[in-house]
Amino acid sequence: MWLIKLPFKILAGVAVFLLSFLITIGRLLGNVSSWLLSLLFAFIVGCAIYCVTQARWRDVGLLAGMALAVFLVIFLVEWVVLTAEQCRDALGNFIHS
């Protein structure tokens with residue numbers, strides 16, 4: 001039985017290596033983009049506050065959409081990293097079985 005599983009375990013080992021690389025790059029990208037996008041988010045909030053004081057409601061709506069898009073980008077990067085970690089752990093459990 002172990003002879004049948006051996007090629008799949010070798011492929012799983014390669015996949016674990018690639019997923020580990022993806023996770024490392026994803027974490028780095030998540031940290032850097034969080035810093036940069038948080039500055040953009042703060043600028044958007046500042047512009048939205050200005051537009052509220054000037055009663056420019058269409059601009060407030062557009063800025064709220066932009067802020068939501070920035071938040072979703074950060075959330076998407078973190079979701080991809082967590083999903084890759086779960087796949088890597090599942091393949092690791094397969095290798096050790």
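I started with E85, which sits in helix α2 of this predicted model. I looked up whether E85 is buried or exposed. Its relative accessible area is 15%, and the cut-off for buried is under 20%, so E85 counts as buried. I then listed what E85 touches beyond its neighbours within four places in sequence, and found I23 and R27.

Next I turned to the two helices. Helix α1 covers residues 2-53 and helix α2 covers residues 57-96. Their axes come within 8 Å. I noted a crossing angle of roughly 165°. Angles over 145 degrees count as roughly antiparallel, and α1 and α2 are therefore roughly antiparallel to each other. I recorded the handedness of the α1 and α2 crossing as left-handed. Sorting the residues in the contact of α1 with α2 by class, I got 30 nonpolar, six polar and six charged.

I then asked which residues make up the largest nonpolar core. There are eight: L37, I44, A48, C51, V60, L63, A67 and V70. Both helices take part, since α1 and α2 each supply at least two residues of this core. For background, I noted that nonpolar side chains tend to be buried together in soluble globular proteins.

Last, I followed one member of that core, L37. Which residues does L37 touch, not counting those up to four places away in sequence? I found V70, V73 and I74. Of these, V70 is also listed in the largest nonpolar core.

Note on methods: Residues numbered from 1 in each chain as written. Predicted model: local features only at pLDDT ≥ 70, side-chain atom pairs only at ≥ 80, totals over all residues. Heavy atoms only, no water. Axes fitted to C-alpha atoms, helices over the stretch in contact; angles between N-to-C directions. Helix = DSSP H or I, 4+ residues; strand = E, 2+ residues; numbered from the N terminus. Parallel < 35°, antiparallel > 145°, perpendicular 65-115°, else oblique. Left-handed = near helix turned anticlockwise from the far one by under 90°. Nonpolar A, V, L, I, M, F, W, Y, C, P; charged D, E, K, R; others polar. Core = buried A, V, L, I, M, F, W, Y, C linked by side-chain atoms within 4.5 Å. Buried < 20%, exposed > 50% of the residue type's maximum accessible area, 1.4 Å probe, protein only. Contact = heavy atoms within 4.5 Å.
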